[in-house]
Amino acid sequence: MSFDAKTIQVALQTAKRPELARILSGVWNISLNEYSTSLWKTISEPPSLEVELLQAFETEFCRIGFTEKQAQSYCTELERNRLLQTATHLTASEGPTFLALHNLALLGMPQGKTYFVGSYSGVPFANAAWSGCLNFSNRIDLESVISVHAPGFSDLKRADNDRVRDSSDRRISLIPGKMRDVRVFQSRIPEKMADLMTYFSEPILGISPSASRCRRSTFRF
């Protein structure tokens, strides 16, 4: 099935998404590489960012572990480039839509630039992106994602088998059931997540940050 720019524009207008309709109508006929490159074009004389906003960014950069010098450098770069990805939700692992967004933005990223991501965290763990879960493809089995020696593996296996019967979605819950409706923002990392993450397969462990029990999460952007 194919769609033309006009059809998409009308559909988005009907869905009350006028800004997205305007953006897409202007770039519909260019390639993904061209669009991505256009995102990274520096504005010659951009208006100054509010002092309070820059201070907030600097504070956050320092809070997540960067030095004051690094934080100031990133703030300068952000003010110059004005590119910040805010479409994603904070999750233990991102699904295909969010990954596609990152891939699109990175296609035209110039050498030496920084790709800033501000993940939305004002949602419960059981939101549609499943922030409290490790999502994975239905082309692989559970044992390829997490060790059979993980605590409660039999329960994880049972839940996975039940889910397969009803849906193509695959995921491992990293939070206790009582946290399903808890907001991600400023939540604490539960013991279940800290324990299970040490049993992930090597490819996942290589890209996963460590989780400390009961420490406030970094879910604050």
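Is Glu 60 buried or exposed? Buried: its relative accessible area is 9%, and the cut-off for buried is under 20%. Keep in mind that this is a predicted model.

Where does Glu 60 sit? In helix α4, which covers residues 51-63. Now look across to Ala 71. Glu 60 and Ala 71 are 11 residues apart in sequence. In space, their C-alpha atoms are 8.4 Å apart. Hold on to Ala 71, please. That residue comes back shortly.

Next, the cores. The largest nonpolar core has 22 residues. Which of them touch the most other members? Leu 134, Leu 142, Ile 146, Ile 172, Leu 174 and Phe 200. Two helices give two or more residues to this core: α7, residues 153-166, and α8, residues 191-197. The largest share comes from α8, with 3 residues.

Take Ile 172 from that group. Set aside its neighbours within four places in sequence. Ile 172 is then in contact with Gly 132, Cys 133, Leu 134 and Phe 136. Ile 172 also contacts Leu 142, Val 145, Ile 146 and Leu 156. Apart from the largest core lies another one, of 8 residues. Here is Ala 71 again: it belongs to this other core, and so do Leu 54, Phe 57 and Cys 75, among others.

On to a loop. Asn 127 lies between β2, residues 116-117, and β3, residues 133-135. Its relative accessibility is 10%, so Asn 127 counts as buried. What lies 2.8 Å from a polar atom of its side chain? The backbone oxygen of Pro 124, for one. The backbone nitrogen of Ala 129 also lies 2.8 Å from a polar atom of the Asn 127 side chain. Check both pairs on the screen.

Last topic: a pocket. The second largest pocket has a volume of about 630 Å³. How many residues line it? The answer is 23. Nearest its centre lie Ile 23, Tyr 35, Leu 39, Leu 101 and Leu 104.

Which elements build that lining? At least two residues each come from α2 (18-27), α3 (32-39), β1 (84-85) and α6 (96-107). Helix α2 gives the largest share, 4 residues. By class, the lining of this second largest pocket has 17 nonpolar residues, 4 polar and 2 charged.

To recap. Glu 60 in α4 is buried at 9%. Asn 127 is buried at 10%. The largest nonpolar core has 22 residues, and another core of 8 lies apart from it. The second largest pocket is lined by 23 residues.

Note on methods: Residues numbered from 1 in each chain as written. Predicted model: local features only at pLDDT ≥ 70, side-chain atom pairs only at ≥ 80, totals over all residues. Heavy atoms only, no water. Buried < 20%, exposed > 50% of the residue type's maximum accessible area, 1.4 Å probe, protein only. Polar contact = N/O pair within 3.5 Å; in protein donor to acceptor, adjacent residues only side chain to side chain. Core = buried A, V, L, I, M, F, W, Y, C linked by side-chain atoms within 4.5 Å. Contact = heavy atoms within 4.5 Å. 1 Å grid on protein atoms, 1.4 Å probe; cavity = no way out; pocket = protein on both sides within 12 Å on 5 of 7 lines; lining within 4 Å. Points joined across faces, edges and corners; volume = space filled by probe spheres on them. Nonpolar A, V, L, I, M, F, W, Y, C, P; charged D, E, K, R; others polar.
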